[in-house]
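User: I am new to this structure and would like to be walked through it. Could we begin once it is on display?

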Amino acid sequence: MSNAIDRKTALHVGKLARLELTDAQADASAKHLASILSYVDQLAEVEVPEDIEPFFGATESVNAVRDDEVRPSMDRETILRNAPDSDGEFYRVPPVFG
Amino acid sequence: MNTNTQISAADREAVTAAEVTTIIGLEVHVQLQTKSKLFCGCSTLFGQEPNTQTCPVCTGMPGSLPVLNKQALKLSIKTGLALNCEIAKHTKWDRKNYFYPDLPKGYQISQLDQPICGVGYLDISDSDGAFEPKRVEIERAHLEEDAGKSSHDESGRGGKSKIDLNRTGTPLLEIVTRPDMRSAAEAKAFLQSLKMILTYIEVSDCNMQEGSLRCDGNINLHINVGGQKIATPIVEIKNMNSFRAAERALDYEVKRQLAEWKETGGTIEGAPKRTFGWDDQAEVTIAQREKEEAADYRYFPDPDLIAVVTTDEQIDAIREEIGTLPSRLRNDLVREHQLSEYDANVLVNQGRGVVDYFLSVAKTCDNSKLAINWVNQEVLRHLNETNSAIDQYPIGSDGMGDLLKRITDGDLDQTRGKDVLSAMMEDSIDAAAAIEKLGIRQVDSSELDSLCQQLLDANPKVVAQVQEGKVKALGALVGQARKINPNVNPGTLQANLRKMLGVDG
Amino acid sequence: MASSIECLLSLVNQNKMEISKLSASQIVSHIAAGELTATDCTQHFLNEIERKDPTLNSYLHVAKESAIETAQQIDARRSAGESLGALAGLPVAVKDGICTKGIRTTAASKMLENFVPPFDATIVQKLTDADAIVIGKTNLDEFAMGSSTENSAFGATKNPWNTDCVPGGSSGGSAACVGADLAPVSIGSDTGGSIRQPAAFCGVTGLKPTYGRVSRFGLIAFASSLDQIGPFTRTAQDAALTMNVIGGHCERDSTSAREDLPDFSSKLDQSLSGVRIGICKEHFESGLPDDIRKSMDESISVLKSLGATTVEISLPHSKYGIAAYYVIASSEASGNLARYDGVRYTMRFEADNLNKMYGLTRTEGFGDEVRRRIMLGTYALSSGYYDAYYVKASKVRRLIKNDYTKAFESCDVILGPTAPSTAFKFGEHTTDPLTMYLADIFTVTANLAGLPGISIPCGFSDGMPIGLQLQGKSFDEATLLQIAHQFQQQTDWHSRRPQA
Ligand SMILES: [Mg+2]
Ligand SMILES: [Zn+2]
């Protein structure tokens, strides 16, 4: 499954994850990915009976819901306090295409 | 479809409208009418100061966790039932991963493979006969959280974008149709019909200006040419923010795709779906800037949420709350209340509140015909003029019913009735008080007899005409009578005159 | 009873330093009885931190002023005759991956270097409601990703038994501070062994409760379906005391269990006769160091002498645990860490367009290991690989869970080593991340199955502590604590202390 991990793959995955990798970082990343995937590939050898459903969460209880009630929001100053850039009303970010 | 024979430019140019079939499917995002957001307690009120309706959960703060609003789930099921959808007994939540500054967690909580509503349908028709009545199939409808709002610097100077997260986390139901619509008119009719249902069952206000109903369309053309059937590349049109915009955008896109195909001959094979936006001012669809890489949302089950199981009993209880849907209501009004198709349509299109008002008035005065005339004329005119809703109309259905009952009973004629209605509205009084105020009282029989005698004496020509058999000539005396005594009832007056003249009892 | 309190009281009065010798349960009862003030107790630990932590680096932040202030309030309330909470006056250190209102919470990441949460995690709220005192925030592997605390952006924590060795991880700071007597109780989180493995390495008691038993609200997520908060203590009795406070249903966490919270202290003194201990043969198969094997055998003898019986069991799919774990944990992490994008939480690397800002912020803000896991998780979820990795791993997860269900038909708990080695040296596993991952080989399966596990000290090898792991049935922490407590009544491994 994992033989095709090269710089190009690493750069593509980096892009999906919004990690800006230099070529050197991409190479190191490809090497690591290939190594961990070659270990993880042992999963392929596990024979899973037809009736086995994947276990996605560690709990299988159901129906955690709340009533539709408005709770006070947090004041804006508190919410924006941790933002690296805001004008006191909005978060500010660089333009999409700068 | 896939014969791949090259079609010459001349053959393409010769294609006529008759050989082109438009294929349209819609994706409609409907904001559900909950008080609080889908996964936190922040208010969903529209138009508040930026970032004042936020909390750690809806701003995706580290450590925060979502908890599902059960009303959102209920409204989704209600919508699904109204759209004849299968309701999932077991649903779960998935993360749709993508980066955008108005998506605080870097993923949207949505539903991938177990949508709350499965396959269903909506029947549409057109009163002007632009298309035959048809069924549009619903593929699915799933519940998800809305993103926030980004405002970009439009000056072109590369200024910063501003992010408001008030809308983040508002519950949306995404309704996806199959590509069953064959014209922009059908798509528009679908949207109108959908909006009517959603407002009827009170799951959404469908206010398009406020973004409560947002529509994207997928469109392409199937063309018969040279014995082959080819398809043009699929285009997704975003930002169709009104029914009119949707209709015009899709109409425009049909022409654009046909022209593009005539020019290039490009078909669906190997062509990725493109995204266009509708520019309402310029009245054109514009290709949106391509993303750097193809979207890969890396969906996976959200481990912060657990599955939702719904029982038949719960679904049945929600079904009970739906009441009669518009199409059924129209039929009922025609069949049980003897309304004309036209009147029933006008009434139903006004929404549930007006229909309920009518039904209540009709019941009180026991006269559907009178009730529909007054509701469709007096009431709706007032609502239009004042741009208000039925629950703001000053006269309740009881008061209106009472007034119309008096007309039905012959205590008032319709003209006097309108005077009474004006007085009721002006002074916020009931019909009895208005009648009293206007000095309207019953004319007793000796008073009536003397009035009639006075009229007959003063109008020998009319008397002669009646005696020649022209009974209708008596109508000319009504106006005179009312000048003498405005309280006189035209019907009673004429009956009395006939009696005195000895014509047909 | 009275005589033992008098005896302790005189101990305390003789020498304040002896506070270090008290268990949390003893501290709480002394404060309740007025034999020790919360202020003196807190001051004692603050002094110890000042003395020893510059070497150990177990704390990222010491809440000196607020801790003393809270302690004084508790003392005043006690003097005024007010009733106090179950942990009144007890200093508790909290892993810095858990949100504390108004106290900087970094998850040991540059990405959150200046993040001050405007809310408390549920467990912090519960501790405060019980009048415990948050004394500081402890070091960890960045975003809890690691098994040695070497991945902290703010420097590694050292093992109190040997400062050349790692304390384990990811809750290395929480384990080390209890091991070095810099807090009587600390709170950690365990995603693949992050409480039990550092507890073993530092010679303390560490409990990972059943998934859902303790609210995750306010825990900065690494892998949501695996993360679980739990206590580090000196004794099983203290763990029970802490669990009574931090456990229970939470409306703000959808995965929080609705099971009733038992009194974890009530079963501690019950005899072990009739208790069936499963010995998992896979845990003893290959490469287990002799000292650890020997400690296991001795521990089994102790438990047998207390009336327990043993039975051999098998967890045939446990050998796939690490592989399944890395796929699942990294996948969830790739989503959980997407929110650190330079828009809302302190760290941003400025750039003239959005994608560049994202890329630079995330590459700069995350450390190597975090980036590695995001890459793995993103890859495993990406188009074309989802079924082969994420779905397959989740099916193997089901098989592992089923193995446990079957095993628990014949036993009440499963015993084995917590880790395949004692604490290793700094740098020993940093060149090949895979060897580091294998440090969790005996612990990850409980996370995958959502089951509780406890690690208690059971011996030494070359002067470094060995941990004994007991894994239990769903929501049966009480039995784990009972066995651990009975074991600690018979042995003194848990009371041994490193040279100061
Ligand atoms: Mg959507
Ligand atoms: Zn909120």
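Analyst: The following exchange covers metal sites, a sheet, a chain contact and some backbone details of this predicted model.

User: Let us begin with zinc. Which residues coordinate the zinc ion (ligand 2)?

Analyst: The zinc ion (ligand 2) is held by the SG atoms of B:C40, B:C42, B:C55 and B:C58, at 2.3 to 2.4 Å. Along the chain, these donors follow the spacing C-x1-C-x12-C-x2-C.

User: And why is the arrangement around the zinc ion (ligand 2) tetrahedral?

Analyst: The four donor atoms subtend angles of 101 to 115 degrees around the zinc ion (ligand 2), and therefore the arrangement is tetrahedral.

User: Are B:C55 and B:C58 buried or exposed?

Analyst: Both B:C55 and B:C58 are buried.

User: What are the protein donors of the magnesium ion (ligand 1)?

Analyst: B:E144 appears twice, through OE atoms, and B:E174 contributes an OE atom; these donors lie 2.0 to 2.7 Å from the magnesium ion (ligand 1). The two residues link distant parts of the chain, being 30 residues apart: B:E144 belongs to strand β7 (residues 134-145) of chain B and B:E174 to strand β10 (residues 171-177) of chain B. Both B:E144 and B:E174 are buried.

User: Now the sheet. In what order do the three strands of the open sheet come?

Analyst: The order is β2(A)-β9(B)-β8(B), with antiparallel pairing. The edge strands, each pairing on one side only, are β2 (91-93) of chain A and β8 (149-151) of chain B. From one strand to the next, the twist averages 30 degrees.

User: How many bridges join β2(A) to β9 of chain B?

Analyst: Three bridges join β2(A) to β9 (residues 161-164) of chain B. A:Y91 has B:I163 in β9(B) as its bridge partner.

User: How many residues does each chain bring to the contact of chain B and chain C?

Analyst: Chain B brings 32 residues and chain C brings 41 residues. About 2,800 Å² is buried between chain B and chain C, and carbon and sulfur atoms give 60% of that area. In chain B, the residues losing the most area to chain C are B:P62, B:L65 and B:F99, together 22% of what that side buries.

User: Finally, the backbone. Where is the place of C:S170?

Analyst: C:S170 lies in the loop between β3 (133-138) and α6 (172-179) of chain C. A cis peptide bond joins C:G169 and C:S170, with omega about 10 degrees.

User: What is phi of C:T149?

Analyst: Phi of C:T149 is near 65 degrees, a positive value in a residue other than glycine. C:T149 is also found in the loop between β3 and α6 of chain C, and C:T149 counts as buried because its relative accessibility is 0%.

Key
Residues are numbered from 1 along each chain as its sequence is written. Chains are lettered from A and ligands numbered from 1 in the order in which they are written. This is a predicted model: local features need pLDDT of at least 70, side-chain atom pairs count only at pLDDT 80 or more; totals for chains, interfaces and linings use all residues. Side-chain values use heavy atoms; hydrogens and water are left out. Donors are N, O and S atoms within 2.8 Å of the metal (3.2 Å for Na, K and Ca); water is not among the atoms, so sites may look incomplete. Four donors count as tetrahedral if all angles lie between 85 and 135 degrees; four count as square planar and six as octahedral if opposite donors are over 155 degrees apart and all others between 65 and 115; anything else is irregular. Buried means under 20% relative accessible area, exposed over 50%, partly exposed in between (1.4 Å probe, protein chains only). Two strands pair if DSSP finds at least two bridges between them. Helices (H or I, at least four residues) and strands (E, at least two) are DSSP runs, numbered from the N terminus. Axes are lines fitted to C-alpha atoms, for helices over the stretch in contact, and angles run from 0 to 180 degrees between N-to-C directions. Contact means heavy atoms within 4.5 Å. Buried area is the accessible area (1.4 Å probe) that two parts lose on being put together, summed over both.
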